[in-house]
Amino acid sequence: MILVVKSGGEAALAEWRAHFAEFAPGLDCRWWDDPSLDPAAVDYALVWDPEPGRLARLPRLRAIFGSGAGVDAIAADPDLPRHLPLVRCVPPEATQRMGEFVCWAVLSLARDARRMARAQAGSAWDYFEAPFAAAERTVGIMGLGAMGLRSAAMLRGLGIPVIGWSRTQKDVPGVETFAGEGERDAFLARAEVLVCLLPATPQTQGLIAAPLLDRLPRGAGLVQVGRGVQQVLPDILAALDAGQLSGAVLDVFEPEPLPPDSPAWTHPRVTVTPHVGSLPSRRERARYVAGCIARLERGETPPNLYSPERGY
Ligand code: NDP
Ligand code: OXD
């Protein structure tokens, strides 16, 4: 069986091979652009952003694995073989790391870690008192999927009140939930820190813009860990300058890498992180993909399937 890989660059292949040798001995793990590879011999693909049309040219392909939880860069391919399972990569380590990132970001905003970093860069002893404890502000999570639910549970573990918003109604113990367009404004009005964990879809494109930001309580915090196409960066910076937002942690951008001349880099109230919100280890991703392949080989359905109908 052959698994072709396009994730992390060719330099990462040796590491993928070593992990797959441990979890799926017998699986031949090959680089995406390997000139000696016969396309007709490929069974599975593990990819982040395949060139459009390439997957359709693998006639024996049986399933596609995203190397991340969001598979928008794969689903964007107009020639994607939509009859094949497209499996999102959601090992337990991915949701754990995202939950840790979200907790870190929420705590950073509560303590104004950006202000402390600025002071340290200037060797300044800038003593100040945080005006509230993190547990005094309600965090609103947009997107109650694998990432949002784990983040909610971990925030709750810190004693932080959490509300959530999703497309369909959810019942999450300890979390007040809102669903659909009709309940969005009521959700936003309560979100003192807004965390975006939505997939990139036509419905979420450009969502984090002035009309939405204006619905938040004044001085809200923003943690954006969804996708860059969901935000209008000038609107976020304007909301920060106007005091509508008090701080933002932005992990995703359009385009990535964030260009060196972006005003986000130097804005005093923005923390930029380079799309590392979750980033599980290759070992755990290989373990997860190997487990999914074993299920497929037994004729079972793997978890976390992308739905072309929903678009995520
Ligand atoms: P899931 O598919 O498990 O969950 C998506 C959630 O978003 C669901 O609750 C869904 O609602 C909700 N949703 C989708 N569309 C809408 C909409 N139009 N209105 C309201 N709610 C909506 O995805 P994951 O939790 O695994 O991942 C979410 C996203 O996080 C990824 O697609 C990716 O963009 C981003 N991500 C970013 C990472 C990073 O490092 N920055 C790492 C991993 C993921 P419902 O429950 O009703 O279906
Ligand atoms: C993902 C990501 O989708 O890292 O997993 O963005």
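**View 1. The area buried between domain 1 and domain 2.** In this predicted model, about 740 Å² is buried between domain 1 and domain 2. Carbon and sulfur atoms give 60% of that area. On the domain 1 side, look for D72, P91 and P280: together they supply 55% of the area that domain 1 buries against domain 2, more than any other three residues.

**View 2. How the protein is divided.** Domain 1 comes in two pieces, 2-91 and 280-297, while domain 2 is the stretch 92-272. Taken over C-alpha atoms, the centres of the two domains sit 31 Å apart. Each side brings its share to the contact: 9 residues from domain 1 and 9 residues from domain 2.

**View 3. Charged and polar pairs across the domain contact.** What joins the side chains of D72 and R227? The two meet in a salt bridge, with N to O at 2.9 Å. The count of salt bridges between domain 1 and domain 2 is 1. Polar contacts between the domains come to 5 residue pairs, counting pairs with both residues at pLDDT 80 or more. Sorted by class, the side of domain 1 that touches domain 2 holds 5 nonpolar, 2 polar and 2 charged residues. D72 turns up twice in these views, as one of the three residues behind 55% of the area domain 1 buries and as a partner in the salt bridge with R227.

**View 4. The surroundings of ligand 2.** Six names to pick out here are W48, G68, A69, G70, R227 and H275, which surround ligand 2. So R227, the salt-bridge partner of D72, is also part of the shell around this ligand. By class, that shell has 2 nonpolar, 3 polar and 1 charged residues.

**View 5. Polar atoms facing ligand 2.** Which residue places a polar side-chain atom 2.5 Å from an oxygen atom of ligand 2? That one is H275. The backbone joins in too: a polar backbone atom of A69 is 2.7 Å from an oxygen atom of the ligand, and a polar backbone atom of G70 is likewise 2.7 Å from a ligand oxygen. Taken alone, ligand 2 exposes 210 Å², and the protein buries 82% of that.

**View 6. The surroundings of ligand 1.** How many residues surround ligand 1? There are 27, and the closest are R88, M147, T168, K170 and Y312.

**View 7. Polar atoms facing ligand 1.** D251 sets a polar side-chain atom 2.9 Å from a nitrogen atom of ligand 1. Two glycines use their backbones instead, each with an N or O atom facing a ligand oxygen: G277 at 3.3 Å and G226 at 3.5 Å. On its own ligand 1 exposes 930 Å², of which the protein buries 92%.

Methods. Residues numbered from 1 in each chain as written. Chains lettered and ligands numbered in written order. Predicted model: local features only at pLDDT ≥ 70, side-chain atom pairs only at ≥ 80, totals over all residues. Heavy atoms only, no water. Near = heavy atom within 4 Å. Polar contact = N/O pair within 3.5 Å; in protein donor to acceptor, adjacent residues only side chain to side chain. Areas by Shrake-Rupley, 256 points an atom, 1.4 Å probe, with all protein chains shown as cover. Nonpolar A, V, L, I, M, F, W, Y, C, P; charged D, E, K, R; others polar. Domains from an automatic or database assignment. Contact = heavy atoms within 4.5 Å. Buried area = accessible area lost by both parts, 1.4 Å probe. Salt bridge = Lys/Arg side-chain N within 4 Å of Asp/Glu carboxyl O.
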